[in-house]
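Trainee: I have a model open and would like to understand the reasoning behind its labels. Could we go through some of them together?

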Amino acid sequence: MSVLKLLPLLAILFLCHSFVDAEIFHQQMKKTFIVHMDKSNMPESFDDHLQWYDSSLKSVSQAANKLYTYNNVVHGYSVRLTVEEARLLEEQPGVLLVQEDKIYELHTTRSPEFLGILNSYVSVPESGTPNDVIIGVLDTGVWPESGSFDDKEVGPVPTGWKGECEVSRTFSSSSCNRKLIGARFFSQGYESAFGPVDETAESRSPRDDDGHGTHTSTTAAGSTVVGASLFGYAAGTARGMARHARVAAYKVCWLGGCLSSDILMAMEKAIDDGVHILSMSLGGSVNDYFRDTVAIGAFAATSKGILVSCSAGNGGPSPGTLSNVAPWITTVGAGTIDRQFPSYVTLGNGKKLTGASLYSGKSLPSSLIPLVYAGNISRASNGNLCMKGSLIPEKAKGKIVLCDRGLNPRAQKGLAVRDAGGIGMILTNTDTFGEELVADAHFIPTAAVGQTVGDEIRKYTRSDPSPSATIAAGSTQLGVEPSPVVAAFSSRGPNLITPDILKPDLIAPGVNILAGWTGKVGPTGLPEDTRHVDFNIVSGTSMSCPHISGLAALVKASHPEWSPAAIRSALMTTAYSRYKNGERIQDVATGKPSTPFDYGAGQVDPLSALEPGLVYDITTIDYIEFLCAIGYSSSMIKLITKQDYLCKAGVRYSVGDLNYPSFAVPLETASGPHGGSSAPTVVKYTRTLTNVGDPATYKVSFSQEVNSVKILVQPEVLHFSIPYEKKSYTVTFTATSMPSGTNNFAHLEWSDGKHIVGSPIVFSWT
C-alpha cells in the first residue's frame, strides 16, 4: 500500500486516538461534587456519621479530601472527585445523590421615604430589646469602613448570636462591631474549581472588593448617614430598611462567580450562628427543587424559623425567566421609586428630549456637536452596541455617538466612545428595555434614553445630512409619576417548575438605589474606573431583595413569634397592585398595565405589613405535602428535607391547597364531542387564615377582568373572636374553555373595614 493511500487511514487513527485521550482526560479530571447522604441509613458498625462519610468516600478514592461537611442544610459533604469516582460513589449504600458543583451569579436613599417608613419610628421596635433581629447576607462580602455600619444607633450584640468575625490579612477583629456583628468567607469550592484566590485582585477574607455585598447589606440594614450622595446625586440621609437590625456578612461570591458548595456552607454557618433573616441576591439556572442547592438550603433555614429572601433575577421582560421559585423562598422582583436623574438632549432640529445619567464631570458646550450613529462608524458587525475597540476613531473623534443598549455594560459603551475620540454618548433602549431609564456614573457626558426617544433620534440621524446634538446634565428629580413601575429587567413568571405557585411574590424598589459601596472599585465596577465613592446608585433585583429582607426584619421585630410564612404573608397581602387612580401598576418595558406574573402580589407596603390583620401560615409538613403533590418520590423529598416521609397512598395531594397568599389556577383548554365546547373546568382550593389582630368579622370580595371564570367563596364571612384563631374557606373556580396560552387575572380580598387582606389570582389555560 502506498504512503498516499495510508494517509487517510493514519488521519482517522490519529483522530480516534485523540478522542480517546480527550475522553480519558475528561474522566480523570477532578471536579467538586456535593454528596447527599441518607443519615438515617448509617450502618450500626459506625460510631458517628462522619466516620461513615469517610468510609464511603475511601471506598472510591483513597486520596480524596472533603472540602466541607454539612449537617443543617443537607446531610453530606463536598469533595473533589473524577467523574468516574463520583459515579461509583453514587452507587454506594446510603448515598442519595452526587451532584456537581454549580455556579450561581449575582443579580445585579430615597426608598425609605418612598415606602413611607422614614418618619414612622414609633411603629418600629427600637434596638436594645430581646427582639434584635439579625440579617445574614450571602454576597461578595462587606466593606466595614462604610458609615452605614456605624453602631451608635444599636445596643449590645444580641445574646443569642454565635457567629464570629473571621480575621485575615485584610480583615481584623475590629472590623466588626455592634452593627456588623459577624463576617465570614467561604472559598474552598471556588478555589477547588478556579485555583487559589489571586489576592492582588481580590481579598481572601470577608472584605468586599466588588461593592455588591456592601450595597445589599446596607440597603437591608444600614445605619443612618447624613449627607450621603453619589457625586451630589440623590443627596440626603441614607438609611437601610431596618436600621436597628444587625448584619452578618457571608462572602460566597468571587470574581468567577458563586459556587453552590460555598453557598451551602455559608447557609450552614448562618443557621448555626443564629440569623433570623437570610438575604440572597443571587441565582442560577432553574432546576428541580431537589437539585437546587439554594432551595435545599432555604428549606433547612425555613424549617428553623429563618425567612429566606431571594432576588427573582434580571431576565425580564421575557416571560418564564424567574430564579428562586421554591414556595418556601420569598421571591422578589424590582420596581422603580419616584426619583430620577435626568439628562437632556437637544437635537439640531430644535427638539429637546429627556434621558437619564449620573455623569459628574466636565460638561459639553451648549453649542451643537456632530452626531453619528455607532452602526455607521464601526468596524464590527454589531457596531451599534459600541463594543470595546469597535468604533473607527477617524469617524468618532470630536462627536457625540449614538449607541444601542445591550450585550456589554452600559458604562463600558461610554469608554469605547471615549477611547475612539468621541466626546459624548446617547445610549438608546431597544424594544427589550422599552422606556426604562437606568442611570449610570458614566465617564463622558451621556444621556440614556427610552425606546421612543431613541427611535426619534435614530430617525433624525437618518433624515438630516449633518445631524448634531448636545447633552446637558440635570439634577435629582423627585415625585416622578407614575411610580412604582415594574422594571424591564425584572424577571417574570410564570413559575416554570410549579406553575400552580405564583412567582414572584412581590416587588420592591430595585432601580437607581443609593446605598453603601466598597472603597476598592469605582461606581461602575469597571477596571478603568479609578473614582472612589462611599455610596453608589445601582439597579437590579439584587437591590430589591434586601429591601424585603430589611422589611421582613421589621415585621420579625414587631412579631418575633411569627413564622417565615406568616411574615411573607403579611408583606404580600398588604401589598398594592394599583395606583390611587385605580389603574394597575405599569410595566415600563411596554408602557402598558403589568400583571401578577410581573409583580406577584404587588408593591410592598411596609407599614400595613406590620398590622396585616390576618395571615396565611404554612408549616414544614405543609411544604412536604406540597412535594408529594408535585409527584416527588421519598428519596427526592429526603434530599430537600432530610426527613423520611412516605406520601400516603390513596391521598389526593393538591398543589393548589398549599396555604399560599396567592392563587395560580391552571385550567384546561378542551373541545367536547362534535367540536363543541366541553363542560366547564372546576377547580377548588382551600385556604386557612390566622387572626393576628383584634376580634373582627371579615367579609370577602373579589374582582375579575373576564367573565370566563365564575368564582364562588364559601363561607363569605369569617368571624374571629380570639388572637391566633384559625378559619378556613374554600374557593371554587368554574371556567369555560379558552384558547391555550390565554392568561387572565382576578383579585380576592378579605376585609374587616380596617384591614384588607388581598390575594392575586392568575388563570392560565393550557
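Mentor: Gladly, and keep in mind that this is a predicted model. Let's begin with two helices: helix 16 passes helix 17 in a right-handed crossing.

Trainee: Which residues make the contact of helix 16 with helix 17?

Mentor: Helix 16 brings Ile 624, Leu 627 and Cys 628, while helix 17 brings Ile 637, Ile 640 and Thr 641. Those residues divide into five nonpolar, one polar and no charged. As for the geometry, helix 16 spans residues 620–629 and helix 17 spans 634–641, and they pack at an angle of about 145 degrees with axes 10 Å apart.

Trainee: Let's turn to helix 7. How do you know that its reach is close to what is expected?

Mentor: Helix 7 covers residues 260–273, which is 14 residues. The expected span is 1.5 Å times one less than the number of residues. For helix 7 the expected value is 20 Å, and the distance from its first C-alpha to its last is also given as 20 Å, so the two are close.

Trainee: What makes helix 7 largely enclosed by the rest of the structure?

Mentor: A residue is called buried when its relative accessible area is under 20%. In helix 7, 12 of the 14 residues are buried, so the helix is largely enclosed. Among them are Asp 262, Leu 264, Met 267 and Glu 268. Helix 7 is followed by Gly 274, whose phi is positive, near 105 degrees.

Trainee: And how many residues of helix 6 are buried?

Mentor: Helix 6, residues 212–221, has 10 of 10 buried, so it too is described as largely enclosed by the rest of the structure. The buried residues include His 212, Gly 213, Thr 218 and Ala 221. What covers them includes strand 5, strand 6, strand 10, strand 28, strand 29 and helix 12.

Trainee: What is the crossing of helix 6 with helix 12 like?

Mentor: Helix 6 passes helix 12 in a right-handed crossing. Their axes come within 7 Å and cross at roughly 35 degrees. From helix 6, His 212, His 215, Thr 216, Thr 219 and Ala 220 meet Ser 542, Met 543, Pro 546, His 547 and Gly 550 of helix 12. The residues of this contact divide into three nonpolar, seven polar and no charged. Gly is counted as polar.

Trainee: Now a loop residue. Why is Lys 503 called buried?

Mentor: The cut-off for buried is under 20%. Lys 503 has 0% relative accessibility, so it counts as buried. Lys 503 sits in the loop between strand 26 and strand 27. Leaving aside neighbours within four places in sequence, its contacts include Leu 322, Val 325, Pro 327, Phe 597 and Tyr 660.

Trainee: Why is Met 738 called partly exposed?

Mentor: Partly exposed lies between buried, under 20%, and exposed, over 50%. Met 738 has 24% relative accessibility, so it belongs in that middle class. Met 738 is in the loop between strand 38 and strand 39. Beyond neighbours within four places in sequence, Met 738 is in contact with Thr 669, Ser 708, Asn 744 and Trp 765.

Trainee: One last label: which residues does the "Inhibitor I9" domain cover?

Mentor: The name comes from a UniProt annotation in an unreviewed entry, and it covers residues 32–107. Over that stretch the chain is 24% helix and 37% strand, with the end C-alpha atoms 24 Å apart.

How values were computed: Residues are numbered from 1 along each chain as its sequence is written. This is a predicted model: local features need pLDDT of at least 70, side-chain atom pairs count only at pLDDT 80 or more; totals for chains, interfaces and linings use all residues. Side-chain values use heavy atoms; hydrogens and water are left out. UniProt positions are given in the numbering used here, feature names are shortened, and annotations may be inferred rather than shown by experiment. Helices (H or I, at least four residues) and strands (E, at least two) are DSSP runs, numbered from the N terminus. Axes are lines fitted to C-alpha atoms, for helices over the stretch in contact, and angles run from 0 to 180 degrees between N-to-C directions. A crossing is left-handed if the near helix is turned anticlockwise from the far one by less than a right angle, and right-handed if clockwise. Contact means heavy atoms within 4.5 Å. Buried means under 20% relative accessible area, exposed over 50%, partly exposed in between (1.4 Å probe, protein chains only).
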